[in-house]
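Hi everyone, thanks for coming. I'd like to walk you through one structure today, starting at its surface and ending with a few aromatic rings.

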Amino acid sequence: MNPLQLIVTVLVLLILLTLINMMMNYVSRRDGEPPVPLKRKLWLVPLLAAFIIVPIELFSILYALLFRVTDSAGQMLAYNSGGVLLSLPLLLLIGFLIFEGLVHPIMITLLRLWLRRDASVYVKQTVTVITDSILIYALASVIPAVPVGSWLHALIIAVFYHLIEWVLIGIQAWIQQRKRAKAAAPG
């Protein structure tokens with residue numbers, strides 16, 4: 001890795017660890033629980049980051065193997081140096097977190113103002129997929145070693161990410177429904 005890749009990687013990892021720490025603080029305040037002690041955060045934050053990074057890296061390796069990502073001379077984040085496999089997925093993750101926390105709510109609010117009523121879930125999901133496609137296309141344009149050739153490719157990747165999200169939300173809802181059913185059952 002060249003020094004620029006190392007700096008980008010360290011910055012992205014620091015941002016990810018900071019966001020996880022802020023999320024833990026927010027959840028503990030929201031639930032009225034005492035804050036998580038520093039000793040627990042020292043091992044819990046990197047563990048949670050690993051649960052995020054490892055699957056993304058595995059999908060990146062699979063993507064690189066399936067689509068034969070090749071090295072181009074002089075590129076900042078070339079595949080053969082490992083930069084794409086580490087930096088692009090983490091940059092996408094940080095971008096998704098920023099979009100989810102900032103851009104998507106602004107877009108939904110503007111949509112509500114434009115429609116003068118609340119939009120349906122499907123319209124909100126469509127706006128989310130479109131903005132995520134823009135993010136993927138923009139990041140892939142900045143990092144030339146990643147073969148996202150058109151808006152359609154970026155849209156397909158965004159839909160794939162959202163399908164994974166929707167499946168996980170469905171599994172979570174099913175588990176919560178079963179827990180409520182067990183708690184409500186006379187026993």
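Before we look at the surface, one term: a patch here is built from residues with over 30% relative accessible area and no salt bridge, and nonpolar side chains are joined into it within 5 Å. Please also keep in mind that this is a predicted model.

So, which residues form the nonpolar patch on the surface? They are Phe59, Leu62, Phe160, Tyr161, Ile164, Val167, Leu168, Ile171, Trp174 and Ile175, and together they have about 940 Å² of accessible area. Two elements give two or more residues each to this patch: α2, residues 38-67, and α5, residues 151-184. The largest share comes from α5, with eight residues.

Let me pick out one of them. Ile171 sits in helix α5, and its relative accessible area is 41%, so we call Ile171 partly exposed.

Now for the record. The UniProt entry, which is unreviewed, lists "transmembrane region" for residues 6-24, 44-66, 86-115, 127-146 and 152-175. I looked at two of those stretches in the model. Residues 152-175 are 100% helix and 0% strand, and the C-alpha atoms at the ends are 34 Å apart. Residues 6-24 also come out as 100% helix with 0% strand, and there the end C-alpha atoms are 27 Å apart.

On to the rings. How many aromatic pairs does a search of the whole structure find? The search gives two. In one, Tyr137 and Trp151 have ring centres 4.3 Å apart and planes at 25°, so this pair is stacked. Tyr137 belongs to helix α4, residues 121-142, while Trp151 belongs to helix α5, so the pair ties together parts that are 14 residues apart in sequence. Are these two residues buried, partly exposed or exposed? Tyr137 is partly exposed, at 22% relative accessible area, and Trp151 is partly exposed too, at 48%.

The other pair is Phe160 with Tyr161: their ring centres are 6.4 Å apart and the planes meet at 50°, so the pair is tilted. You'll remember both names, since Phe160 and Tyr161 are members of the nonpolar patch. Phe160 is partly exposed, with a relative accessible area of 43%, and Tyr161 is partly exposed as well, at 35%.

To close, I'd leave you with α5: this helix gives the patch its largest share, and Trp151 of the stacked pair lies in it. Thanks, and I'm happy to go back to any view.

Notes
Residues are numbered from 1 along each chain as its sequence is written. This is a predicted model: local features need pLDDT of at least 70, side-chain atom pairs count only at pLDDT 80 or more; totals for chains, interfaces and linings use all residues. Side-chain values use heavy atoms; hydrogens and water are left out. Patches are made of residues with over 30% relative accessible area and no salt bridge: like charges are joined within 9 Å, nonpolar side chains (Val, Leu, Ile, Met, Phe, Trp, Tyr) within 5 Å. Accessible areas come from the Shrake-Rupley method with a 1.4 Å probe; for residues, only the protein chains shown count as cover. A salt bridge is a side-chain nitrogen of Lys or Arg within 4 Å of a carboxyl oxygen of Asp or Glu. Helices (H or I, at least four residues) and strands (E, at least two) are DSSP runs, numbered from the N terminus. Buried means under 20% relative accessible area, exposed over 50%, partly exposed in between (1.4 Å probe, protein chains only). UniProt positions are given in the numbering used here, feature names are shortened, and annotations may be inferred rather than shown by experiment. Rings of Phe, Tyr and Trp (its six-membered ring) pair if their centres lie within 6.5 Å; planes under 30 degrees apart count as stacked, over 60 as edge-to-face and the rest as tilted.
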